[in-house]
Amino acid sequence: MAVDRVPVLKRCRSLGMDPIYLGIDKKSNRELKRANRKVSEYGQQLREKQKAKFIYGVLEKPFRNYYAKAVKMEGMAGPNLMILLETRLDNVIFRLGFARTRKEARQIVDHKHVTVNGKCVNIPSYLVKAGDVVEIREKSKSAQRYKDILEVTAGRMVPAWLESDQENLKGVVKEMPTRDEIDVPVNEMLIVELYSK
């Protein structure tokens with residue numbers, strides 16, 4: 001399986017983004033030493049795509065598949081793409097505050113700790129729908145790991161499209177998110193321009 005092993009803070013610096021979007025509170029002390037050269041239009045589009053892939057932990061082929069699906073959906077391709085990425089199961093676990101980072105959320109899903117509507121789901125890219133109940137499995141709820149996670153994520157804001165019950169480690173997808181509710185610093189229109197060439 002392909003894995004991205006680039007150091008997170010180094011990657012954040014090169015993409016010019018804040019690590020807080022990944023759930024990481026660390027700040028890099030180093031400054032990116034880049035000459036003031038003009039970035040081409042293609043360079044800007046590529047950077048936005050790399051940023052979206054990095055934030056959600058998606059590799060190139062699945063990302064392209066999300067784009068193809070977003071084009072077929074009704075509405076604009078850019079916001080549709082962001083909605084598809086946002087409704088991935090690993091991202092929903094992260095947003096509900098049941099994981100410190102999206103990578104940890106992916107691992108929690110992989111290790112069969114999550115149920116959707118009562119059924120165990122171990123596919124991080126599973127797309128949730130409005131009305132789905134996402135819950136940490138009964139066996140895993142008592143684990144010390146989740147007590148530690150909830151201590152760290154207690155102050156994190158849960159988006160309006162989700163309802164979180166932290167005590168029971170349970171969440172409900174109230175509705176599909178709109179682009180305005182997704183606080184990710186990505187200009188999806190540049191990604192659409194890149195793929196539509």
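A residue counts as buried here when its relative accessible area is under 20%. By that yardstick, 43% of the 197 residues in this protein are buried. Keep in mind as we go that this is a predicted model.

Let's begin with the overall build. The protein has nine helices and five strands. Walk along the sequence and you pass them in the order α-α-α-α-α-α-β-β-β-α-α-β-β-α. So how does the radius of gyration fit a compact globule? For 197 residues, such a globule would come out near 16 Å, and the protein has 17 Å, which agrees. Along its principal axes, the C-alpha trace spans about 55 × 45 × 35 Å.

The chain also brings far-off parts of its sequence together. Take the contacts whose partners are separated by 6 or more positions: 62% of them join residues 24 or more positions apart. On the outside, the protein exposes about 11,300 Å², with carbon and sulfur atoms supplying 52% of that area. As for charge, there are 38 positive and 26 negative ones, and their mean positions lie 9 Å apart.

Now for the inside. In soluble globular proteins, nonpolar side chains tend to be buried together. The largest nonpolar core here has 26 residues, and Tyr56, Phe63, Leu81 and Leu85 are the ones touching the most other members. Which helices each supply at least two residues of this core? They are α1 (8–15), α2 (41–56), α3 (60–72), α4 (77–86) and α9 (188–195). The biggest giver is α4, with six residues.

Leu81 is a good place to stop and look around. Setting aside residues up to four places away in sequence, Leu81 touches Phe63, Tyr66, Tyr67, Ala70 and Ile191. There is also a second, separate core of 22 residues, and among its members are Val92, Ala99, Val109 and Val134.

Next, go back to the start of the chain and find Leu15, which lies in helix α1. Is Leu15 buried or exposed? Its relative accessibility is 5%, so Leu15 counts as buried. Some of its company comes from well along the sequence: Arg47 is 32 residues away, yet the two C-alpha atoms are 6.6 Å apart in space. Besides Arg47, Leu15 touches Gln50, Lys51 and Phe54, again leaving out residues up to four places away.

Follow the chain past α4 and you reach Arg88, in the loop between α4 and α5. Arg88 has a relative accessible area of 3%, so this residue is buried too. What is Arg88 in contact with, apart from its neighbours within four places in sequence? The list is Tyr56, Val58, Tyr66, Arg106, Pro124, Ser125, Tyr126 and Leu127. One of those contacts, Tyr56, is a name you met in the largest nonpolar core.

Helix α5 (residues 89–96) comes next, and it is mostly covered, with eight of its eight residues buried. Those buried residues include the nonpolar-core member Val92, but also Asp90, Asn91 and Arg95. Right after α5 comes Gly97, with a positive phi near 90°.

A little further on, two residues that are not glycines have a positive phi as well. Lys112, at about 60°, sits in the loop between α6 (102–110) and β1. Asn117, at about 55°, is in the loop between β1 and β2 (119–120). How covered are they? Lys112 has 43% relative accessibility, so it counts as partly exposed. Asn117 also has 43% relative accessibility and counts as partly exposed.

Between those two loops is strand β1 (residues 114–116), where you'll find Thr115. Thr115 has a relative accessible area of 11%, and so this residue is buried. Its contacts, leaving aside neighbours within four places in sequence, are Cys120, Val121, Val133, Val134, Glu135 and Arg137. Val134 among them belongs to the second core, a handy landmark for finding your way around this part of the model.

Notes: Residues numbered from 1 in each chain as written. Predicted model: local features only at pLDDT ≥ 70, side-chain atom pairs only at ≥ 80, totals over all residues. Heavy atoms only, no water. Helix = DSSP H or I, 4+ residues; strand = E, 2+ residues; numbered from the N terminus. Rg over C-alpha atoms; globule rule 2.2 N^0.38 Å. Buried < 20%, exposed > 50% of the residue type's maximum accessible area, 1.4 Å probe, protein only. Contact = heavy atoms within 4.5 Å. Areas by Shrake-Rupley, 256 points an atom, 1.4 Å probe, with all protein chains shown as cover. Lys, Arg positive; Asp, Glu negative; His and termini not counted. Charge placed at Lys NZ, Arg CZ, Asp CG, Glu CD. Core = buried A, V, L, I, M, F, W, Y, C linked by side-chain atoms within 4.5 Å.
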